[in-house]
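Here are some exercises to work through at your own pace. Try each one yourself before you read the solution.

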Amino acid sequence: MIKGILTMTDVELARKKGEEHQKSKISTIGRSFSYDETAYHLPISYALTGIAVHEQKSAADVYAKTGNNPLVASECLLADTTAGKGKEPEPYTGFIGDTVIRKLGYSLVDGSILGLALVIGKPAGAGSAAAICRELQEKYMLTFLAGEVIPTLSGAGVKLGLDYRLIPLGSTPSYGIHFVDVIARVAMMFGGVTPGDTHRLLTYAAERAKAIVIVFPGLTDEEIAFADGMRVLGFPILSLGDYVGGSWIAADAETVVSKGMEEKGIRVNVTAIPIPMGCSPAFEGKSIRKEEMYVEFGGGRSPAFELLRLRQPGEITDGQVTVIGPEIESMKEGSANPLGIIIEVSGKNMKKDYEPVLERRIHNFVNYGEGSWHVAQRDLIWVRIAKEAVAKGVRIEHIGKLLASKFRMDFPQLLDAVAVTLITDAAKVIAAKAEAEKVYAERDDRIKGMRDNDVSTYYSCTLCQTFAPNHVCVITPERPALCGAISWLDGKIAFEISPSGANQPIEKGAVINARNGEFEGVNRFVKKASHGEITQCSLYSVMEYPMTCCGCFEAIALMLPEVNGIMVVNREFKGITPSGMSFSTLAGTIGGGAQTPGFAGISKNYILSDRFLQGEGGIERLVWLPSQLKEELKERLEKRLAAAGHPDLFAKIADETTAATIEDLIVFLERVQHPALGMEPLM
Amino acid sequence: MAYTIPFDWTGAIGDVVLGATKSEGGTRRISYRIGGGKTLPFLETGPVSPAPLIAFEICDNPVFWPPLIRNYCGDLTNNVAEWAKTAESAYGADMVRLYLTSTRMRNFSDFASVKKTVETVLSATALPLIIEGSNEPKIDSEVFQACGEAGQGERLLLGTAEAGRYRSIAAAALAYNHSVLAQSPIDINLAKQLNILLREIGVQHDHIVIDPYTGALGYGFEYSFSAMERIRFSALKGDADLAMPMICSAADSLTIKEVREAEPGLQDEMAVRWEFFTGIAAAAAGAEIICVRHPKTIPLLRAAFEDLKKGTRPEAEVQ
Amino acid sequence: MALKALDIYKLLPKKNCKECGDPTCLTFAMKLAGGKADVDLCPYLSDEAKSVLGATTRPPIRLVKVGVGERSFKVGEEFVLYRHDKTFYHPPGIVFHVSDTQTEEEIEAVTRRVRDETFTRVGSDLRFNGIAIRNESGSPETFARAVAMVESVEAHLPPILISRDTAALKAALVHCGSYHPLLHAATAENFHEMCALAKQHGCPLVVQAGTLEGLARLVKDCTAEGVSDLILDPAPDSLGDFVVRSTAIRQLAITRAAPDLGYPVYLDATRAGNEDAAIALGIVKYASVIVTSPLSPGPAKAALTLRQNIYTDPQKPIQMNPGLYRVGTPGKDAPVLMTVNFSLTFFTLQGYLESTRIPCFMLIVDTEGLSVLTAVAAGKLNETLVRDSVKKFDVENEVSHRKLIIPGYASPLSGRIEDATGWKVLVGPRDAAEIGEYLHEEWKN
């Protein structure tokens, strides 16, 4: 069908004409007007300017003050018309009183309503209009209607009214202005917007009010001016009619609601997972034995891998699950089969950095399934599905659905769409696995290569402040948290996911002492976080202003003045160290949030960092380690020492077998000519 | 006086107003402004506020209430209005805390009755009210809407918001101008986080009372005590996200072993002493609303608080 | 401000001679930094070093022993204003008061109460700590007789002698001097005589003044006379007054702003308008000796429990003894619920189980006092521990079924526990409050 040019409406042109009509009508307002049951006069005008409008003079005043705003005009003109004609008969609501608005606002705040929609115009047929309204209802939207769409719907048997969340405002689209005055009042009642604070109102409307507008054909020029006027509030205008130009978003009936909601960032939360298996943390510990399994993947018996990737919005369809290759029916009972799990996600707030963090959740989610089991990660995974589950009808596809749903449920702020592909075709798995391995290597390189100097922001962690009220860890790329569990990247991601959580950003600020790693911003942060107790913190020094400790450090680095060196003892070592104290004695005295010069709680891996002992002149200070720790770190420590120009140093570091006491240590270090003896004095 | 106590405070506890008198838009005979403390509890040189306030707890379905109290208060427990009235006239409480235990019945859906109960209690007593809503998240939306609306204008204190469950109570607070009890499981970081979440949804700091959760004496009370001291300390050291008044409600005190196994005839005495010692210690840590369930605890607390608020002789200077 | 270990180490001889009893000077330095060693133990310190170290490493509040033998108690040696900063170390002695105007039977009865009454909670025996005898008769003879009455019970309790009259104290000390009673009190007017008495019998001495300055002056005077074991009575005239003064003393002492106030505090609750409130406040606000009228069971239990709670180390969780505990009278088909030995967990679960009225067993395993969440995260709650506990406490003989209910947060362990024990594992709720509903729905089947 060829659309005639005549049926197209030029939005820009119509808007201009409409605004002209409004301008002239404003000057001819004859009556005084006021709505019952409201403390907000004409709410839009009141919110924008703080002026109570009840007759022509104030109307003209406000109209002028707001630069001839079409919304203000629509509001004033409708109030005037209503004063003359009187209220429209049922089912039209006309202006809605404050008491009901308060109830609606309540539902918006408490989340029972996700957002607001305004539907205006004259639909060609009832079918698409009814479908759109149904979709809005299912997605917890509160819908306001204005114009002939109302009789069209009721004619088709659609029930209207507050109870159905389909509110019929008035017989023409111009009554849609009440939609805006509802939002204005919600802003003033709940959003802390004071009447007259234009900026605050516009910000509230754009950021807090989740509102969309859907326009059917048949609008007059003035009505187009009114509809277009809502763009300044940040409401997307979605057009189902032949409107061209302007910034209206064209859509068709099937996609207009999701387009609008996506445009405005309104997300529906998933609650139920449509699969024939239970899904709950209670099943997490249940392993599936060989006799119980129907089929398995990976675990050294067949190729398998998992990968989570970020995609652009629009590249994936939310909830889509694809199985490439044979389903369970084609797999022999008891067999090992190839498997590739690919999760593709998109979201306005999702970042590439988060991929590994989210990918780790595949393990938990598969284990939540009653009858599914998963171990390890990346290309080392091992997955099993139980006979019982398969008997109940569980298929590979359902594992995909479980993953898609859980990711959406657990990361509502982060993810807008999740799509899952499960590959069971052997050749395709192998090919995809090779690609995945490239991604893993890329990720590893990123973190390995990160240096403290590369970033200007470090991250704090106060997770153990419950036990040590004044303690705060400062986590840098080269210095992980002293509990060993949190890296700089973990801290960064945790902050982005929960901005008011235990990990906060710390702006480094100017360098005060580069060797010790003392920074202005870090000092300031630590002072505040420790309630004034700690004023200086050196990130790379043990002797001067070392970081405070809580109690969960993996190891303690401490000075041994007699030998001018630093020793390290880890939690697992139960004996007495050359310092005269055991790990637990030391832990008891340096923990609890104290800053103890000469002593620092650290993670085991920090020993391998280039920054370890930098404040004291370098890794050459290290004189003693427990033998088991020395063995554990051997390969990597030898590399580190060689890179620092001390290839022979490993053998010169004593342990409890070569020197158990300080006296023995002095003798040992002299015998091997340990470099610490010749370095500048520690104290 | 040569000595001044070296404290170095930089912050103060924020104010919260509870109840509204006629001139303030409500129908209470008194309203209270709590908070305002600039140092540790009871060290101020002059009285800062009417705190600590004593709130008497009642409910609208006594089947969920401790047997000891059902016994002691007798028929009153079957008539929530009379019970509320008695709390004011005979027991001498400063506030009444109404638990809507009727909402704990399975599949509760009579939200109109919630509204009615709140209205009835508002008529029966002219004291500022604390209203505890539902236990079941599924009905939160309707229950808190009913409470909020019924109490519009009265500046109620609505309970209880938690980290995973605060939207409906926040909505009621915003819609009808009430304050919110924010509860965390004896963890200062979680308390802070909840206050931030509430602020982000629009509930201002001067509409929040912190409930760090009170374990009964002997059943975790010391954790609550220290949580309160830490919150007070942080607030005074300038942490605005923790600078709110606190509430103490050791409801378990009525059902613990020591009370159950006390000699017959001495159970009430044991319960009263338990509530009393808890209340005094909590007030010393910074709690400004002390909740009790046994009527006899109230006069004891009242006398003690009077003596506590006497402050010190002129010689001791406190900074 | 207290010196840090490194600064202290710099002042030590650094010989590692071990004569102080520690293997290295570094160890000794750390102990001094924590107030846990006596600077006099080092034979090689210069006088200057000794005085600098002594002033800053001595505990900010003196340790004072009251009484002798098994019932004696020590107070003081505190470091913090808030227990959460470290812990409170020495719980206050709560002492029952008798007047010398009471009958011999009354005095005897009170003494016997303190001797015999024990309230056991969480594996600890809680008791009252002494007898305070007040000279209200005005007569030294009557006072001495009252004290003799107390001693005749042979309770060997720490006595506190309260009298303005040094003659009366002298007479009384004849009967109890060997117990080194606490003498109340030295004032600006009588401290010479009081110090003499204290020195003669090796008694700790309460000093009383209406101002903090007055207390500090008295401390100086008494220490000059050779009496260092002092306790401060700030003579409060209201509960509020007590809180202010006691807080001031504690804060000034631990910040070392007023070393002369670095002594434990005395509170006479019988002189407060509201005795119970005074006891509660004394416990939470730094009193080390609290004198009270003999308490009836209600306030007695509450006071002892509050003291136990506040004086628990916040960093060491209280633990139950691991074992198989009964709730009600469980039979062979009663449910078995496993959880950790953190006392808070135990009591919370026990309370909820008791209210369900379903007889059952609680299998308490040794996670060294860690909560469920922490024990699971730290690996302390594991299948080996559960298996060993089932064996150790002979659970298989107590029930005929083999179903074990584990806490919700321990669900990741369910499979491994099943493998290790051979029992079927049911995962219970995460919140103990839901156990009733859980048992009614899940167990009945």
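**Exercise 1.** Where in chain B is the place of Pro52(B)?

Solution. First, get your bearings: this is a predicted model, in which local features need pLDDT of at least 70 and side-chain atom pairs count only at pLDDT 80 or more, while totals for chains, interfaces and linings use all residues. Residues are numbered from 1 along each chain as its sequence is written, with chains lettered from A and ligands numbered from 1 in the order in which they are written.

Next, find the elements on either side. Helices (H or I, at least four residues) and strands (E, at least two) are DSSP runs, numbered from the N terminus. Pro52(B) sits in the loop between β3 (32-34) and β4 (53-59) of chain B. Finally, look at the bond before it: the peptide bond from Ala51(B) to Pro52(B) is cis, with omega near 0°.

**Exercise 2.** Find the cis peptide bond that involves Pro91(A), and say which loop holds this proline.

Solution. Start with the bond: Glu90(A) and Pro91(A) are joined by a cis peptide bond with an omega of about 5°. Then place the proline: Pro91(A) belongs to the loop between α4 (70-85) and α5 (98-110) of chain A. For background, most residues other than glycine have a negative phi, and most peptide bonds are trans.

**Exercise 3.** Describe the backbone and surroundings of Ile186(B), then do the same for Glu77(C).

Solution. Take Ile186(B) to begin with. Its phi is positive, about 50°, although it is not a glycine. Ile186(B) is found in the loop between β8 (179-183) and α6 of chain B. To judge burial, count C-beta atoms placed from the backbone: a residue is buried if 20 or more others lie within 10 Å of its own, exposed if 12 or fewer, and partly exposed in between. Ile186(B) has 21 C-beta neighbours inside 10 Å, so it counts as buried.

Now turn to Glu77(C). This residue, not a glycine, also has a positive phi of about 50°. Its loop runs between β2 (73-75) and β3 (93-99) of chain C. Glu77(C) counts as partly exposed because it has 17 C-beta neighbours inside 10 Å.

**Exercise 4.** Why is strand β10 of chain A described as largely enclosed?

Solution. Look at its residues, 304-310: 5 of the 7 are buried, so the rest of the structure largely encloses the strand. Then look for its partner, remembering that two strands pair if DSSP finds at least two bridges between them. Here 7 bridges join β10(A) to strand β13 (residues 339-346) of chain A, and the two run parallel. One pair to locate is Leu307(A) with its bridge partner in β13(A), Ile342(A).

**Exercise 5.** How many residues does each chain give to the contact between chain B and chain A?

Solution. Two residues are in contact if their C-beta atoms, placed from the backbone, lie within 7 Å. By that rule, chain B gives 19 residues and chain A gives 21 residues. On the side of chain B that touches chain A, α5(B) gives the most, with 7 residues. Sorting this side by class gives 8 nonpolar, 7 polar and 4 charged residues. In this sorting, Ala, Val, Leu, Ile, Met, Phe, Trp, Tyr, Cys and Pro count as nonpolar, Asp, Glu, Lys and Arg as charged, and the others, Gly among them, as polar.
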